[in-house]
Amino acid sequence: MLTQAEYNEWQQILDLIKSSTESNQHEMLLTMLLTADEREALISRVNICCELLKGELSQRQISNKLGVGVATITRGSNELKLKSENEKAQISSLLGLKS
(Lines give C-alpha, C1' and ligand atoms only; values in the text may rest on other atoms or scores of the structure.)
Protein backbone atom coordinates (compact mmCIF):
# COMPACT_ATOMS: atom_id res chain seq x y z
CA MET A 1 0.00 0.00 0.00
CA LEU A 2 1.41 3.38 -1.05
CA THR A 3 1.42 6.18 1.46
CA GLN A 4 1.74 9.87 0.86
CA ALA A 5 4.94 11.68 1.72
CA GLU A 6 5.00 13.46 5.08
CA TYR A 7 5.88 16.83 3.52
CA ASN A 8 4.13 17.90 0.32
CA GLU A 9 4.14 21.69 0.31
CA TRP A 10 6.74 24.45 0.53
CA GLN A 11 4.92 26.03 3.49
CA GLN A 12 5.41 22.83 5.48
CA ILE A 13 9.16 23.10 4.93
CA LEU A 14 9.14 26.76 5.95
CA ASP A 15 7.22 25.84 9.10
CA LEU A 16 9.75 23.09 9.85
CA ILE A 17 12.65 25.51 9.50
CA LYS A 18 10.85 28.10 11.64
CA SER A 19 10.19 25.52 14.33
CA SER A 20 13.81 24.35 14.26
CA THR A 21 14.97 27.97 14.61
CA GLU A 22 12.68 28.58 17.58
CA SER A 23 14.15 25.50 19.30
CA ASN A 24 17.71 26.45 18.27
CA GLN A 25 18.04 23.31 16.13
CA HIS A 26 18.15 25.00 12.72
CA GLU A 27 21.85 24.32 12.14
CA MET A 28 21.37 20.59 12.75
CA LEU A 29 18.30 20.48 10.52
CA LEU A 30 19.79 22.41 7.61
CA THR A 31 23.07 20.50 7.79
CA MET A 32 21.13 17.26 7.58
CA LEU A 33 18.88 18.44 4.75
CA LEU A 34 21.53 20.07 2.56
CA THR A 35 24.70 18.54 1.20
CA ALA A 36 27.94 20.53 1.38
CA ASP A 37 27.50 21.45 -2.31
CA GLU A 38 23.93 22.61 -1.71
CA ARG A 39 25.05 24.74 1.23
CA GLU A 40 27.73 26.33 -0.96
CA ALA A 41 25.12 26.94 -3.67
CA LEU A 42 22.87 28.60 -1.10
CA ILE A 43 25.71 30.84 0.02
CA SER A 44 26.28 31.81 -3.62
CA ARG A 45 22.58 32.51 -4.12
CA VAL A 46 22.47 34.79 -1.07
CA ASN A 47 25.54 36.67 -2.35
CA ILE A 48 23.97 36.97 -5.81
CA CYS A 49 20.82 38.40 -4.26
CA CYS A 50 22.89 40.89 -2.25
CA GLU A 51 24.78 42.09 -5.30
CA LEU A 52 21.65 42.36 -7.43
CA LEU A 53 19.84 44.34 -4.75
CA LYS A 54 22.80 46.69 -4.35
CA GLY A 55 22.59 47.37 -8.09
CA GLU A 56 26.21 48.52 -8.34
CA LEU A 57 27.56 45.82 -10.69
CA SER A 58 26.51 44.32 -13.99
CA GLN A 59 25.56 40.66 -14.13
CA ARG A 60 28.89 39.91 -15.81
CA GLN A 61 30.76 41.70 -13.00
CA ILE A 62 28.78 39.82 -10.36
CA SER A 63 29.57 36.57 -12.17
CA ASN A 64 33.29 37.37 -12.12
CA LYS A 65 33.25 38.56 -8.51
CA LEU A 66 31.42 35.51 -7.17
CA GLY A 67 32.79 32.89 -9.56
CA VAL A 68 29.37 31.75 -10.77
CA GLY A 69 27.89 31.59 -14.25
CA VAL A 70 25.98 34.46 -15.79
CA ALA A 71 22.97 32.14 -16.18
CA THR A 72 22.91 31.68 -12.40
CA ILE A 73 22.91 35.46 -11.96
CA THR A 74 20.11 35.77 -14.53
CA ARG A 75 17.97 33.23 -12.66
CA GLY A 76 18.42 35.25 -9.47
CA SER A 77 17.62 38.44 -11.31
CA ASN A 78 14.46 36.93 -12.78
CA GLU A 79 13.30 35.87 -9.30
CA LEU A 80 13.89 39.38 -7.96
CA LYS A 81 11.89 40.87 -10.82
CA LEU A 82 8.88 38.90 -9.54
CA LYS A 83 9.07 40.65 -6.17
CA SER A 84 7.33 43.90 -5.29
CA GLU A 85 9.37 46.93 -4.21
CA ASN A 86 8.17 46.30 -0.65
CA GLU A 87 9.36 42.68 -0.78
CA LYS A 88 12.72 43.79 -2.19
CA ALA A 89 13.06 46.28 0.67
CA GLN A 90 12.24 43.56 3.19
CA ILE A 91 14.79 41.19 1.64
CA SER A 92 17.40 43.97 1.64
CA SER A 93 16.72 44.57 5.31
CA LEU A 94 17.02 40.86 6.13
CA LEU A 95 20.35 40.80 4.29
CA GLY A 96 21.58 43.86 6.19
CA LEU A 97 21.71 46.09 3.11
CA LYS A 98 21.06 49.81 3.26
CA SER A 99 17.88 50.87 1.52
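How do the residues of the lining of the second largest pocket divide into nonpolar, polar and charged? Five are nonpolar, one is polar and three are charged. The model behind this count is predicted.

## The second largest pocket

This pocket holds about 240 Å³ of space. Its lining is made of Leu42, Arg45, Val46, Cys49, Gly76, Glu79, Leu80, Lys83 and Ile91. Gly76 is the one counted as polar, because Gly falls in that class. The charged residues are Arg45, Glu79 and Lys83.

Two helices, α3 and α5 (70–81), each supply at least two residues of this lining. The most comes from α3, with four residues.

## The largest pocket

The largest pocket has a volume of about 660 Å³. It is lined by 15 residues. Trp10, Leu14, Ile17, Leu42 and Val46 lie nearest its centre.

What is the make-up of the lining of the largest pocket? It has 12 nonpolar residues and three charged ones, with no polar residues.

## Helices around the largest pocket

Which helices each supply at least two residues of the lining of the largest pocket? They are α1 (10–22), α3 (36–54) and α6 (85–94). Here α3 gives the most, with seven residues.

## Where the two linings meet

Leu42 and Val46 appear in both linings. They are among the residues nearest the centre of the largest pocket, and they also line the second largest pocket. Helix α3 gives the most to the lining of the largest pocket, and α3 also gives the most to the lining of the second largest pocket.

Conventions:
Residues numbered from 1 in each chain as written. Predicted model: local features only at pLDDT ≥ 70, side-chain atom pairs only at ≥ 80, totals over all residues. Heavy atoms only, no water. 1 Å grid on protein atoms, 1.4 Å probe; cavity = no way out; pocket = protein on both sides within 12 Å on 5 of 7 lines; lining within 4 Å. Points joined across faces, edges and corners; volume = space filled by probe spheres on them.
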